[in-house]
Amino acid sequence: MKSLLSIATLTLVFVILLACNKSHSKSNPDNNPTDTATVNVDFWLTRADQTVLFTKQSTALTFSTVSNTNSTITVDTTTTYQTMDGFGFALTGGSADVIHHMAAANEDTLLHELFSTDGNSIGISYLRISIGASDLDSAVFTFDDMPQGQTDTALANFSIAPDMTDLIPVLKKILTINPTIKILATPWTAPVWMKTNDNSVGGNFNHQYYDVYANYFVKYIEAMRAQGITIDAITPQNEPMNPGNNPSMLLSASEEADFIKNHLGPAFQQAGITAKIIIFDHNCGDPEYPLDILSDTAALKYIDGTAFHLYSGDISALTQIHNAAPQKNVYFTEQWVGAPSNFSGDFNWGIKNLVIGASNNWAKCVLQWNLASDPTYGPHTAGGCTSCMGAVTIGASVVRNTPYYTIAHAAKFVRPGSVRVASSVAAGLSNVAFVTPDGKKVLIVLNESGISQTFNISFKGKIVSPSLPPGGVGTFVW
């Protein structure tokens, strides 16, 4: 009997200890992997000479307490910044055209590669689309075109039919792969009958149609919702200071503020539209434009944040805007790669300024321009971009280009809901760090030094020591 009691007592103690251990593991925000010396780090590499392109390395990388004199990047998850919405591209009408004209099985395979996170897929999680045509559509259109000299203030002629051929079918396929993908929608121009020059290129908005145009946005969001497509956010105008594209439209900061506070914001509110209103959508070199709008308290209450491109200025402008209105968000929504790309230069520039730079300057998303094109960089409008390289070129085969690899290094691992965390600066090693919703740590590093570098990643007192070739980019996940 005494022996049986001893066995029962020991069993009870073991069960209690096991339960306590399980409880401790659940309460650890890092899932307790990095408190031991057996944590392996996954390492995905792209070399500037293209001999390795976004490939998982077999190198054994394990955190340890061994010390050395290498340069060190310290990741500190206790210091947090913005929550990420995602990384991706513009799905232009032209992109949808070339994708949707693939054989059905090939289209499905490509979309899975682009939007899934399985295997070698790259996990695009954010898209920008145009409201009406962008310059990377085969022709100019809006959703309420009228014969010259006629107007349609009741929007009786409004229809998203032009997007039903390619864009909407492709979006629906994407949503089956990633139902939570975020979509930003932007017009390149209002219907020309609402403009002062009655032309798709340049011209100003005719103020008498502000209420009609606000209703145009409402009808667009509702029409897309009827197709099962949720528009997460809009910007009132693509590149409002650029009158030279086809299509394009000028919209001053005071006009955009007026439109938002007196027309678009109230129209969204009345219709129960929850899509975010994001301002500007133009270059870092002109921060005065968004600063003017953000200083308007009547407009500010309707505004979620500010969107940027980087065809002029410095990426630090995003932090300038964040500091001016820290309660509002910042987004990076467009940057092209000019064809034919110099892979090394363009890839390094994109990683440094967009993936690392925009993220380190508070951007919630990072998007490149654009997702797909044919081998002649089309389709595009007459007067549209003739050398915008797609992330993929679709011809007799699918070619993956510079923007594909730039975005892949972040999109696959830095999933929506990830939080940027602090990482220290090391000479010649630009970097940015995140914690994902499932507790993984992601560090993206660019070796700018011109020589191969072995360096340390330090986390919670332990280090791991990978190497990067000159111009190489590594994404490290643990």
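Colleague: What makes strand S1 and S2 count as a pair?

Modeller: In this predicted model, strand S1 (residues 42-46) and S2 run antiparallel and are joined by 2 bridges; pairing asks for at least two bridges found by DSSP, and therefore these strands count as paired. Within that pairing, Leu45 stands opposite Thr55 in S2.

Colleague: Why is S2 called an edge strand, and which other strand shares that label?

Modeller: The open sheet has 9 strands in the order S2-S1-S22-S17-S16-S15-S3-S19-S20, with mixed pairing. Strand S2 (55-56) and strand S20 (462-464) each pair on one side only, and these are the edge strands.

Colleague: How do you know that helix H10 packs on the sheet, and which strands does the helix touch?

Modeller: Helix H10 (residues 343-360) touches S1, strand S3 (72-83), strand S15 (419-423), strand S16 (429-435), strand S17 (441-447) and strand S22 (473-477), where touching rests on heavy atoms within 4.5 Å. The direction of H10 makes about 45 degrees with that of S16.

Colleague: Where does Phe308 lie, and why is this residue called buried or exposed?

Modeller: Phe308 lies in strand S9 (residues 305-309). The relative accessibility of Phe308 is 0%, and the limit for a buried residue is under 20%, so Phe308 counts as buried. By the same limit, strand S10 (residues 329-334) is mostly covered, with 5 of its 6 residues buried.

Colleague: How many bridges join S9 to S10, and which way do these strands run?

Modeller: S9 and S10 run parallel and are joined by 5 bridges, with Ala307 standing opposite Tyr331 in S10. From S9 the chain reaches S10 through helix H9 (residues 317-324), in a β-α-β crossover that is right-handed.

Colleague: What makes S10 and strand S11 a pair as well?

Modeller: S10 and strand S11 (residues 363-368), which run parallel, are joined by 2 bridges; the requirement is at least two, so these strands also pair. Val366 in S11 is the bridge partner of Phe332. Here the chain crosses from S10 to S11 through H10, again in a right-handed β-α-β crossover. Val366 and Phe308, 58 residues apart in sequence, have C-alpha atoms 9.7 Å apart in space.

Colleague: How far does the pLDDT support such a reading, and where is it below 50?

Modeller: The protein chain averages a pLDDT of 93, and 92% of the residues score at least 70. Over residues 1-36, however, the pLDDT is below 50, although this stretch has 19 contacts in the model beyond near neighbours in sequence. Where pLDDT is low, predicted coordinates should not be read in detail.

How values were computed
Residues numbered from 1 in each chain as written. Predicted model: local features only at pLDDT ≥ 70, side-chain atom pairs only at ≥ 80, totals over all residues. Heavy atoms only, no water. pLDDT = per-residue confidence, 0-100. Helix = DSSP H or I, 4+ residues; strand = E, 2+ residues; numbered from the N terminus. Axes fitted to C-alpha atoms, helices over the stretch in contact; angles between N-to-C directions. Buried < 20%, exposed > 50% of the residue type's maximum accessible area, 1.4 Å probe, protein only. Right-handed = clockwise from strand over helix to strand, strands pointing away.
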